[in-house]
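Reader: I have a model open in my viewer and would like to learn how to read it. Could you take me through some features, one at a time?

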Amino acid sequence: MMNYRRFSQFFDEAGPMSSRSQIIREVVFALLVVAIACALRWLLEVSLAVHLAFIVFFPAMFMLASWGGLRPTIIGLVLSAVPLAPGLWTSNPEYGISESQYQVAFALFIAFSLGAGWLGDRALVAKQLAEQATDSALSEGKQLRINVANRKRAEEALTFLANASTSLAALVDRESALQQAARLPIPFLADWCVVYVVDGKGGIDYHAHAHINPKQEHMLGEMLTQFPLDWDSNTATVRALRTGKSQLMEELPEPLLSSFTQSNEHRTMVDELSPHAVISVPLKIRDRTIGVVGLVACDPVRRYSQREVALAESLAQRVAVAVDNARLFHAVKEASRHKDEFLAMLAHELRNPLAAIRYAVEIGAMSPKDAPGELFGIIDRQTGNLAHLIDDLLDVSRISRDKITLRRENADVSALVNGAAATVRPLMEEKQHELTLELPSEPLLLYVDPTRAEQILANLLTNAAKYTNKGGRITVRAHPDGRDAIIEVIDTGIGLPRELLSRVFDLFAQADRTLDRSEGGLGIGLTVSRKLAEMHGGTISADSPGLGQGSTFTIHLPLAQALSASAASVDGRPSHTDELRKILVVDDNRDTASSCALMFKCLGHEVQTAYDGLGALDIARSFRPEAIFLDIGLPGMNGYDVARSLRDEGFKNELIIAVSGYGQPEDRQRSHEAGFDDHLVKPVRRDALLSALQRLPARQSLAS
């Protein structure tokens, strides 16, 4: 039985056929069926000479119900009422039934029509659901086949990448790794492959290639050699190198191939190799593009998509790691080789003075009473050489373990250069060098450890003397440059090759030497000099036009804050022009804090002390010091945190000086980031403390 909702919606929906055009078709079809029923009834009545009321309309309603369901059946029922309804109220004995019987028959006809229409509707819905189920089953089957194919492809890809990782991990030679990388994608991912690696200047450093066809692999190699990569072209390889992003060319039409080729011969080779599609993936190490992998498909059946691009990127990651591992392995081997060479040189250098000393001792033993003074000179010189070698070795060890502490003070450049020159002068005279000192006429003060600064200069002068031929010229120049002093050591010696300039200061790194080792030395003086310069906050660089054209070593060291002559009297006590300051000294070592505070008190300043970070904050809030000398390694709250808290609480113009036993560049950087104005390394000399304190007036004037 049709419910009210279904009946109210049948003009809008009527099952699966609900469009306006469909309704028109239903009306037309219902008219046609009813007209045929009427015509058929007339023919039967004429031919059979009997009167038929409803019998021909029952099949008509069944046909409408089967074709369209409920709505066309109702339309047909309404149309059938035109020829059938008059019998409801007009008695017609020709039908052989009474009026009441006709009415009952008409009601049964209506019920049959509606029931048939409803059943037709249900049959159509069931048919539609069956068709949908069939379509869904077909779609699911197709999707299942796709999923199975994708899973199989994924398993093959994982197997491919696992085999690639295993193959590449076993290689420690870069060229072998690249050649293996070119061969791995064939035939799983490409018909031929080219791998490029770029050098530091952006040029092609090396390439490897492979082809599925050995004969065409030879042609591919010839093409790559005769027609190298054109950096001005718009090929996928060049775009991948420039942008660092993967490139996909699903097709390579003829005009595009013509734009890539460099000549007719090149085009002929390309045609024979018949590339159809290309994937170019960059090789990246720590976001730096070091090369590119180019995958080429020749078979039109092979289609490249983003799935193949992702797989190629995974392969490229493994290739890049393998190349970088090979580079690191090569670097380790080189470092080991340099170390072995260094140890051999060390043995050579130690045996030479020991041999001389042994000979001198043997001669003295043969004639102990008449041992000439020359023998004692030999022993003295060679003992000095041994001591120098040992000092260099100990300095390298101390620097490597951060065991060197700088004792800074103001020192004049001229005094440092003259002291270093005096140390090296015997070697200069032995090799008959001309030494020229171009020093400033006015004092040029550096804030350095004088002993270590002189050692830097002496090492550079020794290096220049050793590697300058007899009778050469060595010049030392010094001049201020902003906040630094620049000292240049220039020689006319053997020079340096360009490839050695970047590593001449590295430990164990030396230019090729002759077997006689006539220049002597371990070659670690430059390493020591660079480390000492960096500990002072300076730098050393080397430059040379080339072999046989001499070298220039340039040192940058920080200038001292000049003390005004009127700011301090001879005994160091403040003059009448000095202002007495409020100073807070913070150190967890009570003796250190007390002695430093006592020194400031002797100069007339008002001083308080604190022994931990929290205590320093409390005293600073109440005492309001103008200058704070703050230790870093404090219990509970370290000096960095104390400095940050003071700056956050409004101590913006006060002078805060870090006093620490650590003086590496990273320690100074941390102090600067925490808000310190300067960083002094323990033990701190008195003039360094006073020099730091002299910054306060300038700071206050700027703040005001």
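Author: We will go from the whole chain to one helix, then to a strand and its partners, and end with the cysteines. This is a predicted model, where local features need pLDDT of at least 70, side-chain atom pairs count only at pLDDT 80 or more, and totals for chains, interfaces and linings use all residues. Residues are numbered from 1 along each chain as its sequence is written, and side-chain values use heavy atoms, with hydrogens and water left out.

Reader: Happy with that. How many helices and strands are in the chain?

Author: Helices (H or I, at least four residues) and strands (E, at least two) are DSSP runs, numbered from the N terminus. The chain has 22 helices and 17 strands. Of its 704 residues, 43% are buried; buried means under 20% relative accessible area, exposed over 50%, and partly exposed in between, with a 1.4 Å probe and protein chains only.

Reader: Which residues of helix α10 are buried?

Author: A general idea helps here: an α-helix has 3.6 residues a turn, so residues three or four places apart point the same way. In α10, residues 264-273, the buried ones are His-266, Arg-267, Met-269, Val-270 and Leu-273. They lie on the same side of α10 because they cover an arc of only 160° around the axis, the arc being that of the directions from the helix axis to the C-beta atoms. Just after α10 comes Ser-274, with a positive phi near 50°.

Reader: Now a strand, please. Why is β5 largely enclosed by the rest of the structure?

Author: Because eight of the 10 residues of β5, residues 288-297, are buried. As for its partners, two strands pair if DSSP finds at least two bridges between them. β5 pairs in the antiparallel sense with β4 (residues 277-285) over nine bridges, and Ala-277 stands opposite Ala-297. With β1 (residues 192-198), β5 is also antiparallel, over six bridges; here Val-194 has Gly-294 as its bridge partner.

Reader: How many residues lie between β4 and β5 in their hairpin?

Author: Two, and Arg-286 in that turn has a positive phi of about 50°.

Reader: Last topic: how many disulfides does the structure hold?

Author: In general, a disulfide is a covalent bond between the sulfur atoms of two cysteines. Here the test is a pair of cysteine sulfur atoms within 2.5 Å, and the structure holds zero disulfides. You can still look at Cys-38, which is partly exposed at 24% relative accessibility, and at Cys-602, partly exposed with a relative accessible area of 44%.
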